[in-house]
Amino acid sequence: LPEYAFIGRSNVGKSSLINMLTGRKKLAKTSGKPGKTQLINHFLINKNWHLVDLPGYGYARVSKSTKKTFQKFITQYFEKRKQLVSAFVLVDIRHKPQPIDLEFMQWLGENMIPFSIIFTKADKLRPKAIENHINDYRTIMLEYWEEMPNYFITSSTKDMGKDELLNYIGDINKSIT
Ligand code: GDP
């Protein structure tokens, strides 16, 4: 089955987003404790694709060696996955573009791994601020890329962006089967 990988910094709202997408409450446990999602979890969605939940990267309070281990783990996943169609890189809409996220996207690009950006926690900003933050992102992205990558604006507390994401993935799946 086609696979879509979800990844981002710890605490970006990945577990909440996965819960929103799967429509279940207890699969991916949300917790205030960053770095909790340490292993790869697979979720079967609509019986025709797998959502792959990758460990959060870049949590500031773990040791360098832990970071290295995570990096290796994530790299190995991407090197091995034949089923992977696309990655989704989650970023908190409130934050300015972070080097670690930009570097990771750069790395995906170098390795020819398609990706979209998911802006999370959109309920925390007014529409105008969302627009401004995305424009900041676009400006920085255009320094490295020819165009702004495909992106989604989501809020797990407001159930926002769910249909767009699921339809997007559904359409790709239709086109590849
Ligand atoms: P993870 O570490 O990336 O899996 O992040 P979690 O899903 O555990 O979320 C981290 C924190 O952000 C938790 O306190 C969540 O309640 C909160 N959070 C996650 N998504 C949203 C959202 O869409 N809106 C708001 N307001 N808070 C969110």
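How many residues surround the ligand, and which are the closest? In this predicted model, where local features need pLDDT of at least 70, side-chain atom pairs count only at pLDDT 80 or more and totals for chains, interfaces and linings use all residues, the ligand is surrounded by 14 residues (each with a heavy atom within 4 Å of it), and the closest are Lys14, Ser15, Ser16, Asp123 and Ser156. Residues are numbered from 1 along each chain as its sequence is written, and side-chain values use heavy atoms, with hydrogens and water left out.

**Ligand site**
- The shell around the ligand consists of nine polar, four charged and one nonpolar residues, in a scheme that counts Ala, Val, Leu, Ile, Met, Phe, Trp, Tyr, Cys and Pro as nonpolar, Asp, Glu, Lys and Arg as charged, and the others, Gly among them, as polar.
- A ligand oxygen lies 2.9 Å from a polar backbone atom of Gly13, and a ligand oxygen lies 3.0 Å from a side-chain N or O atom of Lys121.
- A nitrogen atom of the ligand is 3.4 Å from an N or O atom in the side chain of Thr157.
- The protein buries 78% of the 570 Å² that the ligand exposes when taken alone, by the Shrake-Rupley method with a 1.4 Å probe.

**Lining of the second largest pocket**
- Eleven residues line the second largest pocket (each with an atom within 4 Å of a point on a 1 Å grid, in an open set where a 1.4 Å probe fits, with protein on both sides within 12 Å along at least five of seven lines), and Tyr57, Gln71, Ile74, Ile100 and Phe104 lie nearest its centre.
- Six nonpolar, three polar and two charged residues make up this lining.

Methods: Polar contact = N/O pair within 3.5 Å; in protein donor to acceptor, adjacent residues only side chain to side chain.
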